[in-house]
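Reader: I've got the sequence and the coordinates open, so let's go through them together. I'll ask, you answer.

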Amino acid sequence: SFLSISILILGVMLAAALVIRVLSAPLRAMAKAADAAGHGTQVLMSERGPRDLRVLARAFNAMQQRIGNLLASRTRALAAVSHDLRTPL
């Protein structure tokens, strides 16, 4: 009886660990993508899964797009200023 209860508890704990691992996989992927994006790599998250994760992935992708547009705009502005400074009056 003690052995069967111990086996049952161990089985439930293993099943719970497996479920937690599967459910947390999208969040681990999001953390990895955020880390890569923070180092300058553009990462598009797939917008699939539960509604909350789809909304989060969509917001993450939109944020990356806005940051990319901001960097491109800044580069164009700096190039224009550099050109103007080199042009004689």
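Author: One term before we start: a residue is buried under 20% relative accessible area, exposed over 50% and partly exposed in between, using a 1.4 Å probe and protein chains only. This is a predicted model, where local features need pLDDT of at least 70 and side-chain atom pairs count only at pLDDT 80 or more, while totals for chains, interfaces and linings use all residues. Residues are numbered from 1 along each chain as its sequence is written, and side-chain values use heavy atoms, with hydrogens and water left out.

Reader: Is Arg 58 buried, partly exposed or exposed?

Author: Partly exposed has the bounds I just gave, between 20% and 50%. The relative accessibility of Arg 58 is 43%, so Arg 58 counts as partly exposed.

Reader: Which residue forms a salt bridge with Arg 58?

Author: A salt bridge here means a side-chain nitrogen of Lys or Arg within 4 Å of a carboxyl oxygen of Asp or Glu. Side chains of opposite charge can pair when their charged atoms come close. For Arg 58 the closest N and O atoms are 3.2 Å apart, and the partner is Glu 47.

Reader: How many residues apart in sequence are the parts that this pair ties together?

Author: Helices are DSSP runs of H or I with at least four residues, and they're numbered from the N terminus. Glu 47, partly exposed at 37%, sits in the loop between α1 (2-38) and α2, whereas Arg 58 is in helix α2. The salt bridge therefore ties together parts whose separation in sequence is 11 residues.

Reader: The whole structure has two salt bridges. Which residue does Asp 52 pair with?

Author: Asp 52 is exposed at 59%, and its partner is exposed too, at 57%. The closest N and O atoms of this pair are 3.9 Å apart, and the partner is Arg 51.

Reader: Back to Glu 47: which residue has a side chain that makes a polar contact with the side chain of Glu 47?

Author: A polar contact is a pair of N or O atoms within 3.5 Å; within protein, one must be able to donate a hydrogen and the other to accept it, and residues adjacent in sequence count only if both atoms are side-chain atoms. The residue we're after is in helix α2 (residues 51-86) and is buried at 12%. Its side chain comes to 3.3 Å from that of Glu 47, and the residue is Asn 61.

Reader: Leaving aside neighbours within four places in sequence, which residues is Asn 61 in contact with?

Author: Contact means heavy atoms within 4.5 Å. Glu 47 is among them, and the full set is Val 43, Leu 44, Met 45 and Glu 47.

Reader: And what does Gln 64 touch, not counting residues up to four places away in sequence?

Author: Gln 64 lies in helix α2 and is buried, with a relative accessible area of 7%. Val 43 and Leu 44 are among its contacts, and the complete list is Ala 37, Thr 41, Gln 42, Val 43 and Leu 44.

Reader: Which six residues make up the largest nonpolar core?

Author: A nonpolar core is a set of buried Ala, Val, Leu, Ile, Met, Phe, Trp, Tyr and Cys residues joined through side-chain atoms within 4.5 Å. In soluble globular proteins, nonpolar side chains tend to be buried together. Here the six are Met 30, Ala 33, Val 43, Met 45, Ala 57 and Phe 60. The helices that each supply at least two residues of this core are α1 and α2.

Reader: How far apart in space are Met 30 and Phe 60, C-alpha to C-alpha?

Author: Met 30 is in helix α1 and is buried at 12%. Met 30 touches Phe 60, along with Met 45, Leu 56 and Ala 57, not counting residues up to four places away in sequence. The two residues are 30 residues apart in sequence, and their C-alpha distance is 8.7 Å.

Reader: At which residue does α1 have a kink?

Author: The bend at a residue is the angle between axes fitted to the seven residues ending there and the seven starting there. In α1 a kink of about 40° lies shortly before the proline Pro 26, at Ala 25.

Reader: How far apart are the end C-alpha atoms of α1?

Author: The expected span of a helix is 1.5 Å times one less than its number of residues. For the 37 residues of α1 that gives 54 Å, which agrees with the end-to-end distance of 52 Å.
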